[in-house]
Amino acid sequence: MNKTIPATVIDDGAMYQSERKIYPRDVHGRFARLRKLAVWVLLGIFYLIPWLSWGQRQAVLFDLPARKFYIFGLNFWPQDFFFLALLLIMAGLSLFFFTALAGRLWCGYACPQTVWTEVFLDMERWTEGDRHRRMKLDAGPWNREKILRKGGKHLLWLAFAVWTGFTFVGFFSPIRELGLRLLSVDLGGWESFWIGFYSLATWGNAGFLREQVCKYMCPYARFQSAMFDRNTLIIAYDERRGEPRGARKRGAREAATRDPGTATTQGDAREAGTTGPGTRVAALGDCIDCTICVQVCPTGIDIRNGLQYECIACGACIDACDAVMDKMEYPRGLIRYTTQNALDGKRSQVVRPRVIVYGLLLTAIFAGWFWGVGHRSALIVDVLRDRNALYRVAADGSIENAYTLKLINKTPLAQRYRVAVVDEHDNAIDGLAIVGGDNEIDVAGEQVLSLSLTLAARPDIAHGRRNVRFVISDSRDPDLRVQQDSRFFGPLP
Ligand code: SF4
Ligand code: SF4
């Protein structure tokens with residue numbers, strides 16, 4: 001008989017379904033250690049990265065006012081938006097790939113909601129104790145101890161949340177200067193707003209909303225089942241082994257297994273209706289119905305009711321049940337990572353068409369991304385014709401066209417560029433030249449330079465329209481060459 005207390009309290013007829021507070025019990029084991037490791041590594045990366053430097057600059061900085069992103073020596077300009085879009089596509093595909101392969105790995109170990117909730121839960125345990133003490137404290141009156149414990153918890157939460165908000169903003173505004181301004185209470189309006197916003201979001205999501213974010217706000221929880229099939233890795237309760245559940249004395253199954261006269265396996269014992277030599281008792285599976293797997297569940301579900309979308313695959317129930325199985329001297333794995341096929345006694349197939357398709361797509365886009373980023377031009381050139389006049393006739397009779405050259409030096413170093421004008425076959429045009437003759441331009445590091453430039457043509461070659469090509473090359477690096485086609489107009493013949 002399932003003694004699980006329902007996770008929700010439903011008020012019939014009400015528009016709002018109030019949630020029963022969940023007090024996850026602390027759990028130890030392989031997956032708890034793995035989760036802690038993931039928390040340390042991921043939070044370590046998040047809190048450390050803004051403090052790293054790369055050259056003269058913060059290693060990872062999303063400079064929104066300048067519309068430039070710096071990621072470990074790579075600069076992304078608005079013109080590189082395509083690569084950022086590809087990054088998002090890769091992130092989405094990775095989620096599909098790993099979900100098809102290993103289920104909700106992301107939810108259980110890497111999702112920010114899981115990671116921050118884990119830290120907030122630890123702080124709650126330090127200040128208020130484990131599940132039963134927390135339940136008792138909440139049910140009890142507001143006395144000195146309750147005020148101190150709850151106050152201590154909220155102070156810890158708040159400090160951590162503010163640090164998180166500050167770190168988050170530090171990805172967008174140089175964190176060292178931000179820190180100095182924070183200490184001297186000299187933050188700008190937007191910085192203050194976003195630090196406050198992310199602090200509150202962290203505090204609210206990890207401290208209060210917790211599993212409700214996964215259950216009601218996260219779209220991934222809703223559509224991830226579309227990526228599941230019978231070979232996807234899931235955390236499941238082995239119903240065939242566990243049922244019928246029920247309390248029993250420690251070692252009862254051992255007795256059934258050892259009895260040579262009646263049964264040799266638990267299944268046999270169940271069929272025979274015996275669990276011990278000469279003792280006729282109700283046949284039971286391995287689940288002793290202790291509900292510890294429910295008590296440790298951060299989303300408050302009972303995994304024994306089957307696969308549910310609320311399950312974030314954290315593995316806490318595996319650790320809890322393994323500990324119970326150890327105590328009962330039963331084999332571990334009543335709740336385990338498995339597949340639907342394996343549960344049904346069929347062979348599981350890890351490599352299957354959808355995994356191959358996701359994997360190939362991901363590999364191709366990854367390779368394309370790295371190739372594209374590695375081969376980006378360090379110079380962007382845009383040529384605009386003066387639209388006010390098609391041409392003008394100079395005092396010496398030559399025909400002139402005006403242009404604006406926009407040069408973007410994406411490197412952090414000053415560069416000298418050479419500008420040349422040729423025809424569409426890259427041949428020099430006899431009688432057409434840049435007015436002034438000085439075709440070398442200095443552009444400072446990361447500068448966007450607009451340059452007015454005039455082309456002049458001898459009257460005898462300037463009839464009607466002709467194609468011209470602007471070629472801009474780095475005077476020190478001949479491999480860096482960018483060309484832009486444009487047109488030159490003269491009087492009709
Ligand atoms: S922890 Fe294991 S034995 Fe206890 S109720 Fe859950 S499945 Fe059954
Ligand atoms: S059912 Fe188990 S794996 Fe799923 S969320 Fe609950 S404890 Fe985690």
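**A short tour: two sheets, a helix pair and two ligands**

Hi everyone, let's begin with a pair of strands: β4, residues 68-71, and β5 pair in the antiparallel sense, and three bridges hold that pairing. One bridge you can look up right away is the one from I71, whose partner in β5 is L74. Before I go on, please keep in mind that what we have on screen is a predicted model.

So where does that pair sit? β4 and β5 belong to an open sheet of three strands, in the order β3-β4-β5, with antiparallel pairing. Now, why is one side of β3 and of β5 left without a neighbour in the sheet? Because β3, at 60-63, and β5, at 74-76, stand at the edges, and each has a single partner strand. If you ignore direction, neighbouring strands here are turned by 10° against each other on average.

While we are looking at strands, here is a general reminder for your own browsing: in a regular strand, side chains alternate between the two faces of the sheet.

Let's move along the chain to the helices. I'd like you to find α6, residues 144-170, and α8, residues 189-209. These two helices pack with their axes 7 Å apart, at an angle of about 130°. Angles over 115 but not over 145 degrees count as oblique, and that makes α6 oblique to α8. The crossing of α6 past α8 is right-handed.

Which residues meet there? On the α6 side, they include W157, L158, A161 and F166. On the α8 side, among them are E191, W194, I195, Y198 and W203. Sorted by class, this contact of α6 with α8 has eleven nonpolar residues, six polar and one charged.

Next, our second sheet, further along. This one is open too, with four strands in the order β13-β11-β15-β16 and antiparallel pairing. Its edge strands are β13, at 440-443, and β16, and each of them pairs on one side only. Neighbouring strands in this sheet are turned by 30° against each other on average, again ignoring direction.

Let me walk you across it. β11, residues 415-422, pairs with β13 in the antiparallel sense over four bridges. As a landmark, take Y417, which has I441 as its bridge partner in β13. At the other end of the sheet order, β15, residues 465-474, runs antiparallel to β16, residues 481-489, and nine bridges join them. There you can spot F470 standing opposite Q484 of β16. How many residues does the hairpin use to join β15 to β16? Six residues make that link.

Finally, the ligands. Around ligand 1 there are 16 residues, and the closest are C287, C290, I292, C293 and C321. Two helices, α14 at 292-295 and α15 at 316-328, each supply at least two residues of this shell. Which of the elements gives the most? That is α15, with three residues. By class, the shell around ligand 1 has eleven nonpolar, two polar and three charged residues.

Ligand 2 has 14 residues around it, the closest being C297, C311, C314, A316 and C317. And is the shell of ligand 2 charged? Let's put it as a count: how many of its residues are nonpolar, polar and charged? The shell has twelve nonpolar residues, two polar ones and no charged ones.

That's my tour, thanks for listening!

Terms used
Residues are numbered from 1 along each chain as its sequence is written. Chains are lettered from A and ligands numbered from 1 in the order in which they are written. This is a predicted model: local features need pLDDT of at least 70, side-chain atom pairs count only at pLDDT 80 or more; totals for chains, interfaces and linings use all residues. A residue is near a molecule or strand if its C-beta atom, placed from the backbone, lies within 6 Å of it. Ala, Val, Leu, Ile, Met, Phe, Trp, Tyr, Cys and Pro count as nonpolar, Asp, Glu, Lys and Arg as charged, and the others, Gly among them, as polar. Two strands pair if DSSP finds at least two bridges between them. Axes are lines fitted to C-alpha atoms, for helices over the stretch in contact, and angles run from 0 to 180 degrees between N-to-C directions. Angles under 35 degrees count as roughly parallel, over 145 as roughly antiparallel, 65 to 115 as roughly perpendicular and the rest as oblique. A crossing is left-handed if the near helix is turned anticlockwise from the far one by less than a right angle, and right-handed if clockwise. Two residues are in contact if their C-beta atoms, placed from the backbone, lie within 7 Å.
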